[in-house]
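Hi,

Here's the structure I promised to pass on. Have a look at it first, and then read on for what turned up.

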Amino acid sequence: MAKKKKIYNRLPGKKRKFFGYDTLWLGPDHLLSIDSRIFSEDYKRFYYKDIQAIITYKLNHWKIINIILGSLSAILLLMAFFNEGVISILFSVLGGLFFLFFVIYLLRGSNCACHIKTAVQTERLPSLYRLRKARKAIGLLRSRIENVQGRLTSEAIKEGIPRILQEKPQPYRLRPSAPPLTDEKGHWHEVLFYLLLSSGLFCIIDIFYNHITLIFIGSVFFAVIIIVVIISLVKQQNSNITSALRKLTWVSLAWVCINFAIGNIIYFTVFINNIENPEIIHNQLKIMTTLSKISPFDSLFLMGAYIFSALSALILGFFGLFLFKRFQATSTETPSTQEDTHLQRNEQWRI
């Protein structure tokens, strides 16, 4: 029996999702994009003769995530060094996992976004989200397009320039157009600001009522805020999130860093005051118990730290939710209005 001839060849790059994945395939006369789900598949065809451009640009996700993963792994391993027993093992395991994720993410290379442009549409190619694989895929795709459309030489480009442009250059320099924006709903930002609001209220309660349970819940709460801030920063890159909402998210990251620094100052204060009691210094539970016995009313620094954390969290939470509601109201525009706004933004970049 004759072997069936292979029609499609898969390009490098595969974007995995919760319930499926995206891939690209080279066909005889077209590029096939497949969005596979559990029970269905969506197909998009881009004929080689219709492709006008392939736009690829780097994203900042890679740097941000690497800095965060590296910092978290270093902090957790440092905490493991200053503790003993089960707490030390727990911090060591968590620090090792974050370091493993850091190495894997570092080796995979920079993130990117890739779009394909035809005369009637500009579509994103989700499977090409790593710069290294995107370059390989575009190299294979370029040869197919050149076989159909022909190769544009420098002589042909020179001959195609109008005479008036050769004699009198334009008085301004053309700039590249802005990259297409992804449609982001901002739900992670909403969660972040609700968490900040809750954190501020929780901090006020903690001023008047000290207990080890509140300290433990507050630590978990702070860890969740760190994770949500990271996700929000990643999600807002090259998205339709407003500038004010973006800046407030970065301010929230600064709030996290400042509170983390204050927490370490308090931790090392307890460390110094109990340096003669090693059973307290190397036991996280006993340190938390010691902290629960310290009232903010007994320490001016501690009271100032509590007031700063509570007020700043409440302000960020309220103002962030206000900006989020405004963003939701403007994002309910009709698709044609959004497209016109995006075209105007691109025009500002071109000139």
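Let's start with a cysteine: is Cys203 buried or exposed? Cys203 is buried, since its relative accessible area is 11%, and buried here means under 20%. Cys257 is another story: at 47% relative accessible area, that residue counts as partly exposed. As for disulfides, searching the whole structure turned up 0 of them. Do keep in mind that this is a predicted model.

Next, have a look at strand E7, which covers residues 112-118. Most of E7 is tucked away, with 6 of its 7 residues buried. Strand E6 (residues 51-58) runs antiparallel to E7, and 7 bridges join the two. If you want a spot to find that pairing, go to Ile55, which stands opposite His115 in E7.

E7 also pairs with strand E8 (residues 122-124), again in the antiparallel sense, over 3 bridges. There, Lys117 has Thr122 in E8 as its bridge partner. E7 and E8 make a hairpin, with 3 residues between them.

One more residue to click on is Ser110, in the loop between helix H2 (85-108) and E7. Although Ser110 is in a loop, it counts as buried because its relative accessibility is 16% and the cut-off is under 20%. What does Ser110 touch, not counting residues up to four places away in sequence? Its contacts are Lys58, Trp62, Tyr129, Arg130 and Leu131. Lys58 belongs to the E6 stretch, residues 51-58.

Cheers

Methods:
Residues are numbered from 1 along each chain as its sequence is written. This is a predicted model: local features need pLDDT of at least 70, side-chain atom pairs count only at pLDDT 80 or more; totals for chains, interfaces and linings use all residues. Side-chain values use heavy atoms; hydrogens and water are left out. Buried means under 20% relative accessible area, exposed over 50%, partly exposed in between (1.4 Å probe, protein chains only). Helices (H or I, at least four residues) and strands (E, at least two) are DSSP runs, numbered from the N terminus. Two strands pair if DSSP finds at least two bridges between them. A disulfide is a pair of cysteine sulfur atoms within 2.5 Å. Contact means heavy atoms within 4.5 Å.
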